[in-house]
Amino acid sequence: MDFAGENEHNEIETFHEFETRLRDLGLSHPSQVKLAGWVFQAVDFTRASVEDFRQYDVSDAYFWGCDFPEGIRANDLRERGAHVLEQEPRLPFKMFRSFMYTQKEMQECDQVVYKWYKQRNLSSAGALKLRMAMLAHDFSIHDALYDYLEGKSVVTVMGGHAMKRASPEYAQVVRLAWLLARCALSLDYNACVWGRYFHVPVLCPFFLCFVIFLASFLFSSDNSLSCIFTARLFLASFS
């Protein structure tokens, strides 16, 4: 699944995007490349030319969780004026990401990260670095989500994080998402699933009315999730 979206100016998320941007600049020599203000998010530079990289003006460039070519060290870039934040290899997740999780990634890491989280006392004074790492990760996902959703209209079904995966309530959320995806495909809509969030493009209010009608059968009247879901659908119809 392609999660690529429109980025802000000089926000780079892949090495291919970096190469394309350099070609567009039309510079004749690597020493003319000035990266001040450029933000590189988890970019794999291992295929980049070491000699070219050494000649780039990296002063005030931002490298977040990037992999550099052999011979280029993070401290060297810092000495040349770059702002470098490295991944923490001991964590079960990457602090910095370019894109959202695929279903396969979620299946592989969801339980691992959850167990890691439950085993830590994040309220202790010594857990400051761990909390900062989690916030950096959440910021990366937040940014990736907004990149992907740019120009799209969506309905979001949000299940409670405290729900047990084997509970009837969680099964209702999954079943609703599955039914929405089936309806979307039958009406030539595209649906995708990301972890605990389910997004379906909304193109007509008639489809919204059908979804609200469907939700009334899937959730009891005293279920707060039903109220939130119906309210979000109602508001989305006017966006």
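Which residues of the largest nonpolar core touch the most other members? They are Phe18, Leu35, Phe40, Phe45, Phe53, Phe63 and Phe68, out of 23 residues in that core. The legends below walk through this predicted model view by view.

**View 1. The whole protein, with a look at confidence.** We start with the full chain of 239 residues, of which 37% are buried. It has 8 helices and 7 strands. Among contacts between residues at least 6 apart in sequence, 56% link residues at least 24 apart. The average pLDDT comes to 75, and 67% of the residues reach at least 70. Over residues 1-5 the pLDDT drops below 50, and that stretch makes 13 contacts beyond its near neighbours in sequence. Residues 219-239 also stay under 50, and here the model has 28 contacts beyond four places in sequence.

**View 2. Zooming in on the largest nonpolar core.** Phe18, Leu35, Phe40, Phe45, Phe53, Phe63 and Phe68 are the members that touch the most others in this set of 23 residues. Two elements give two or more residues each: H1 and helix H3, which covers 74-79. H1 gives the most, with 3 residues. Apart from this core lies another one, of 11 residues, including Phe93, Tyr101, Met106 and Ala133. As a rule of thumb, nonpolar side chains in soluble globular proteins tend to be buried together.

**View 3. Phe40 and its company.** Setting aside neighbours within four places in sequence, what does Phe40 contact? The list runs Ile12, Phe18, Leu35, Phe45, Tyr62, Phe63, Trp64 and Cys66. Phe18, Leu35, Phe45 and Phe63 also turn up among the core residues that touch the most other members.

**View 4. Val39 in strand E2.** Val39 sits in E2, a strand made of residues 39-41. Is Val39 buried or exposed? Its relative accessibility is 18%, so Val39 counts as buried, the cut-off being under 20%. Not counting residues up to four places away in sequence, Val39 touches Asn10, Glu11, Ile12, Tyr62 and Trp64. Take Ile12: it is 27 residues from Val39 in sequence, yet the two C-alpha atoms are 6.0 Å apart in space.

**View 5. Two loop residues with positive phi.** Ala42 isn't a glycine, but its phi is positive, at about 50°. You'll find Ala42 in the loop between E2 and helix H2 (50-55). With 24% relative accessibility, Ala42 counts as partly exposed. Asp60 does something similar on the other side of H2, in the loop that runs from H2 to strand E3 (62-64). Asp60 is no glycine either, and its phi is positive at about 65°. At 40% relative accessibility, Asp60 is partly exposed.

**View 6. A salt bridge within helix H1.** The structure holds 7 salt bridges, and one of them pairs Glu17 with Arg21. Their closest N and O atoms are 3.6 Å apart. Both residues belong to H1 (residues 15-25), where they are 4 residues apart, about one turn of the helix. How accessible is Glu17? Its relative accessibility is 19%, so Glu17 counts as buried, given the cut-off of under 20%.

**View 7. Two more salt bridges.** First up is Asp76 with Arg73, whose closest N and O atoms are 3.2 Å apart. Asp76 is partly exposed at 22% relative accessibility, while Arg73 is exposed at 55%. Then there's Glu88 with Arg90, whose side chains meet at 2.8 Å, N to O. Here Glu88 is partly exposed, at 25%, and Arg90 is exposed, with a relative accessible area of 73%.

**View 8. The second largest pocket.** This pocket holds about 400 Å³ of space. Which lining residues are closest to its centre? Of the 16 that line the pocket, they are Glu86, Glu88, Met95, Lys129 and Ala133. Glu88 is also the salt-bridge partner of Arg90, and Ala133 is also listed in the core of 11 residues. Strand E4 (83-85) and helix H5 (128-149) each supply at least two residues of the lining. H5 gives the most, with 6 residues.

Note on methods: Residues numbered from 1 in each chain as written. Predicted model: local features only at pLDDT ≥ 70, side-chain atom pairs only at ≥ 80, totals over all residues. Heavy atoms only, no water. pLDDT = per-residue confidence, 0-100. Contact = heavy atoms within 4.5 Å. Salt bridge = Lys/Arg side-chain N within 4 Å of Asp/Glu carboxyl O. Buried < 20%, exposed > 50% of the residue type's maximum accessible area, 1.4 Å probe, protein only. Core = buried A, V, L, I, M, F, W, Y, C linked by side-chain atoms within 4.5 Å. 1 Å grid on protein atoms, 1.4 Å probe; cavity = no way out; pocket = protein on both sides within 12 Å on 5 of 7 lines; lining within 4 Å. Points joined across faces, edges and corners; volume = space filled by probe spheres on them.
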